Amino acid sequence: MWLKLFFLLLYFLVLFVLARFFEAIVWYETGIFATQLVDPVALSFKKLKTILECRGLGYSGLPEKKDVRELVEKSGDLMEGELYSALKEEEASESISSTNFSGEMHFYELVEDTKDGIWLVQP
């Protein structure tokens with residue numbers, strides 16, 4: 001009887017420890033660094049532009065890194081979590097591929113199959 005109770009308690013203890021372990025991994029990836037401030041001076045020009053795009057700000061008239069950095073600083077504090085999510089979005093946008101159509105029917109077939117996308121057609 002005591003042995004069954006011991007194994008049952010051991011089972012719950014192992015489940016509890018595993019749940020905390022997986023929770024700690026998720027927290028480590030997003031939570032612990034999400035509230036730390038990042039110095040925009042240390043970021044590359046490309047990362048600064050990505051941050052501005054994620055914040056919905058334009059940077060077309062700013063040719064120098066210093067100007068882009070100042071705009072990032074004026075738009076608010078940059079957190080590590082925001083930088084992480086912006087870089088993830090950039091990686092996702094880089095994976096977008098273009099499609100060359102062989103004809104009108106091929107175009108209609110692909111558009112009908114993927115109605116969730118945006119199509120830019122250049123003649």
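Before you click on anything, one cut-off: buried means under 20% relative accessible area, exposed means over 50%, and partly exposed is what lies in between, with a 1.4 Å probe and protein chains only. What you have open is a predicted model, where local features need pLDDT of at least 70, side-chain atom pairs count only at pLDDT 80 or more, and totals for chains, interfaces and linings use all residues. Residues are numbered from 1 along each chain as its sequence is written, and side-chain values use heavy atoms, with hydrogens and water left out.

**The whole chain**

Start with a cartoon view. You'll find five helices and zero strands, running α-α-α-α-α from the N terminus. Helices here are DSSP runs of H or I with at least four residues, strands are E runs of at least two, and both are numbered from the N terminus.

Now colour by pLDDT, the predictor's confidence in each residue from 0 to 100. The mean is 77, and 76% of the residues reach 70 or more. Among the elements, helix 3 has the highest mean pLDDT (87), while helix 5 (residues 104–113) has the lowest (70).

Switch to a surface. About 10,100 Å² is exposed, with carbon and sulfur atoms supplying 62% of it; such areas come from the Shrake-Rupley method with a 1.4 Å probe, and for residues only the protein chains shown count as cover. Of the 123 residues, 11% count as buried.

**Helix 1**

Select Arg20 and Glu23 and show their side chains. They meet in a salt bridge, 3.0 Å from N to O. The term asks for a side-chain nitrogen of Lys or Arg within 4 Å of a carboxyl oxygen of Asp or Glu. The two residues sit about one helical turn from each other, because they are three residues apart in helix 1. Is Arg20 buried or partly exposed? Arg20 counts as partly exposed, at 38% relative accessibility, and Glu23 is partly exposed too, at 48%.

Next, pick Leu18, which is in helix 1 (residues 2–34). Leu18 has a relative accessible area of 40%, so it is partly exposed. Leu18 also helps make a nonpolar surface patch of about 1,200 Å², whose other members include Leu3, Phe7, Val14, Phe22 and Ile25. Patches take residues with over 30% relative accessible area and no salt bridge, joining like charges within 9 Å and nonpolar side chains (Val, Leu, Ile, Met, Phe, Trp, Tyr) within 5 Å.

Stay on helix 1 for Glu29, partly exposed at 49% relative accessibility. Draw a distance from its C-alpha to that of Gly81: the separation is 9.3 Å, with their positions 52 residues apart along the chain.

**Helix 2**

Select residues 45–55. Which residues of helix 2 are buried? Leu48, Thr50, Ile51 and Leu52 are. Zoom in on Thr50, buried with a relative accessible area of 6%. Leaving out residues up to four places away in sequence, Thr50 touches Ala86 and Glu90; contact means heavy atoms within 4.5 Å. Just after helix 2, Gly56 takes a positive phi of about 80 degrees.

**Helix 3**

Finish with Arg69 and Glu73, which form a salt bridge with their closest N and O atoms 3.5 Å apart. Being four residues apart in helix 3 (residues 65–75), they are separated by about one helical turn. Glu73 is partly exposed, at 39%. The salt bridge count comes to two.
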